[in-house]
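Student: I am new to this structure and should be grateful for a guided discussion of its ligand sites.

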Amino acid sequence: NLAAANGHEVRLWSRHSSQTLEAVLKDVQIVLSAISMTGVRDVAYQVHSFPLSPETIFITATKGLDPQTTCTPSQIWQTIFPNHAVVVLSGPNLSKEIEQELPAATVVASNIPKAAEVVQLVFSSHRFRVYTNPDPLGVELGGTLKNVIAIAAGVCDGLQLGTNAKAALVTRGLTEIIRVGNDWGAKTETFYGLSGLGDLLATCNSPLSRNYQVGYQLAGGKTLTEILANLQGTAEGVNTCRVLIQRAKQQNIAVPITEQVYRLLQGDITARQALDELMLRDIKPEYNY
Ligand SMILES: NC(=O)c1ccc[n+]([C@@H]2O[C@H](COP(=O)([O-])OP(=O)(O)OC[C@H]3O[C@@H](n4cnc5c(N)ncnc54)[C@H](O)[C@@H]3O)[C@@H](O)[C@H]2O)c1
Ligand SMILES: O=P(O)(O)OC[C@H](O)CO
């Protein structure tokens with residue numbers, strides 16, 4: 001809608017479309033993927049089987065991690081299209097609000113600055129403010145890792161733990177995101193921007209967020225299976241949490257909030273037990289300087 005409102009010709013495709021992917025891709029300048037993580041690799045290979053101009057820019061808006069490789073979506077697109085520019089689009093962008101034409105801001109990040117600038121122009125308007133950023137990995141990880149903290153934030157609100165608890169959770173959640181992101185090679189300052197802190201605040205405070213909804217309903221005693229069966233759209237945090245636990249173990253990174261979210265999602269503990277586990281951890285300095 002945003003690109004079309006700026007006068008661009010936009011074609012949509014999903015696996016349920018009547019038009020073929022090949023027909024939709026004919027002569028395109030930009031391909032924007034907002035496929036759930038589970039479908040990214042498969043669709044990227046399908047796209048690869050059709051002719052595209054070498055100038056075609058790929059944009060990825062998926063916020064997830066590949067369970068097999070722990071790769072981010074942009075790494076998958078870049079591996080399959082090594083000679084094309086890939087741009088990550090991520091920010092506090094709850095789609096229902098954008099659909100209602102409420103104002104929002106986002107970040108477009110690429111290793112190729114010119115490609116990010118092209119994408120910035122395509123989407124910028126009086127109701128959508130687009131910033132460029134040179135750290136695609138940090139932008140992508142901010143949008144992806146915050147989903148796990150959003151599940152915890154939903155639990156926090158579902159248990160009615162109060163404003164102090166929520167502030168503590170979100171702040172320590174950001175510390176955890178930065179620890180993981182730095183180990184991955186992303187820049188600290190990116191996580192303090194729109195795609196990190198910005199998206200964390202949006203997702204942890206809105207019932208529009210599916211990840212928040214998962215946590216809220218778990219706190220209310222529903223099972224994960226029941227919740228996912230009735231959820232509209234994808235809660236990527238469920239898969240991301242599992243992949244993150246795997247990566248944190250491999251890299252020996254402390255992720256206490258993610259660990260409790262993982263155990264809760266597995267059905268190993270209750271939301272109250274997860275809270276106690278977090279509150280009763282060994283006392284320590286706020287930062288390891
Ligand atoms: N909804 C939002 O507010 C929002 C905002 C920013 C980013 N995102 C991200 O965008 C992605 C999609 O979110 P959504 O809200 O549109 O989810 P959704 O569940 O509404 O849509 C997912 C889309 O992916 C397709 N898909 C799923 N598995 C597939 C497969 N195996 N092969 C081909 N296609 C497949 C579905 O057909 C559907 O078109 C997620 O990674 C999400 O984190 C969502
Ligand atoms: O509904 P969620 O939890 O996937 O959140 C949507 C977007 O990531 C918010 O920016």
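Tutor: By class, the shell around ligand 2 comprises three nonpolar, five polar and four charged residues. Here Ala, Val, Leu, Ile, Met, Phe, Trp, Tyr, Cys and Pro count as nonpolar, Asp, Glu, Lys and Arg as charged, and the others, Gly among them, as polar. This is a predicted model in which local features need pLDDT of at least 70 and side-chain atom pairs count only at pLDDT 80 or more, whereas totals for chains, interfaces and linings use all residues. Residues are numbered from 1 along each chain as its sequence is written, chains are lettered from A and ligands numbered from 1 in the order in which they are written, and side-chain values use heavy atoms, with hydrogens and water left out.

Student: Where does ligand 2 lie with respect to domain 1 and domain 2?

Tutor: A residue is near a molecule if one of its heavy atoms lies within 4 Å of it; K63, N93, K146 and D199 are among those around ligand 2. Domain bounds come from an automatic or database domain assignment. Because domain 1 (2–134) and domain 2 (137–279) both give residues to the shell, ligand 2 lies between them.

Student: Which residue has a polar side-chain atom 2.6 Å from an oxygen atom of ligand 2?

Tutor: A polar contact is a pair of N or O atoms within 3.5 Å. A backbone N or O atom of N93 lies 3.0 Å from an oxygen atom of ligand 2, and a polar side-chain atom of K146 lies 2.8 Å from an oxygen atom of this ligand. The residue at 2.6 Å is D199.

Student: What percentage of the area that ligand 1 exposes when taken alone does the protein bury?

Tutor: The closest of the 17 residues surrounding ligand 1 are R15, K63, S95, T234 and E236. A polar side-chain atom of E236 lies 2.7 Å from an oxygen atom of ligand 1. Accessible areas come from the Shrake-Rupley method with a 1.4 Å probe. Taken alone, ligand 1 exposes 820 Å², and the share of this that the protein buries is 73%.

Student: Which helix supplies the largest share of the shell around ligand 1?

Tutor: The shell divides into five nonpolar, eight polar and four charged residues, and at least three residues come from each of domain 1 and domain 2. Helices are DSSP runs (H or I, at least four residues), numbered from the N terminus. The largest share, three residues, comes from residues 37–48, helix α3.

Note on methods. A polar contact is a pair of N or O atoms within 3.5 Å; within protein, one must be able to donate a hydrogen and the other to accept it, and residues adjacent in sequence count only if both atoms are side-chain atoms. Helices (H or I, at least four residues) and strands (E, at least two) are DSSP runs, numbered from the N terminus.
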